[in-house]
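User: Please go through this structure with me and justify each term against its definition.

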Amino acid sequence: MKNILVINGPNLNMLGIREPGIYGSQSYQALVDFVTEVCRSHGLSCECFQSNHEGAIVDRIQAAYGNVDGIVINPAAYTHTSVAILDALKAVSIPAVEVHLSDVSAREAFRQVSYAGMACQATFAGHGFDGYRMAIEYLLEHCG
Ligand code: DQA
């Protein structure tokens, strides 16, 4: 495991502004800094990608083929709707771990399905930024 791609879906660029009671008061840039430092501390290189567009996320997953050893993905709202992101993760077969800042299992019924999660080795939800650390360490420990 050398290169990690961290993908964040729609509205996660609004962290710190959007529903701070659910998603916290820290910004998206603070999340990027956190993830970058976790990767650096484990000797990993990492790229953080955020998009509000489903197709752009599919394109980024496809571009990872042959270039990335592990994917950490918070598909945000697309978690619950996107067969396209599920299929892209399956297509590239790169070990992937799903993250959610909030505990989706304790929220609305429509958040109880995760399509992307069906192509992921593990899910960490409800741990805030720390879930990304858990996901990176899971990839290191379980996926070479
Ligand atoms: C989220 C949970 C999703 O249900 C929601 O649509 C998001 C963020 C989370 O990180 O808790 O945008 O993925």
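**Ligand site and nonpolar cores**

User: What makes a residue one that surrounds the ligand, and which residues are these?
Analyst: R18, Y23, N74, A76, A77, H80, H100, L101, S102, V104 and R111 surround the ligand, because a residue counts as near a molecule if one of its heavy atoms lies within 4 Å of it. This is a predicted model, in which local features need pLDDT of at least 70, side-chain atom pairs count only at pLDDT 80 or more, and totals for chains, interfaces and linings use all residues. Residues are numbered from 1 along each chain as its sequence is written, and side-chain values use heavy atoms, with hydrogens and water left out.

User: Why is the pair formed by S102 and the ligand called a polar contact?
Analyst: A polar side-chain atom of S102 lies 2.6 Å from a ligand oxygen atom, and a polar contact is a pair of N or O atoms within 3.5 Å, so the pair qualifies. A side-chain N or O atom of R18 is 3.1 Å from an oxygen atom of the ligand, and a polar backbone atom of A77 is 3.2 Å from a ligand oxygen atom.

User: How much of the ligand's accessible area does the protein cover?
Analyst: The protein covers 98% of the 320 Å² that the ligand has on its own, by the Shrake-Rupley method with a 1.4 Å probe.

User: How do you know that Y132 touches V72?
Analyst: Contact means heavy atoms within 4.5 Å, and V72 is among the residues that Y132 touches, as are N74 and L101.

Methods:
A polar contact is a pair of N or O atoms within 3.5 Å; within protein, one must be able to donate a hydrogen and the other to accept it, and residues adjacent in sequence count only if both atoms are side-chain atoms. Lists of a residue's contacts leave out its neighbours within four places in sequence.
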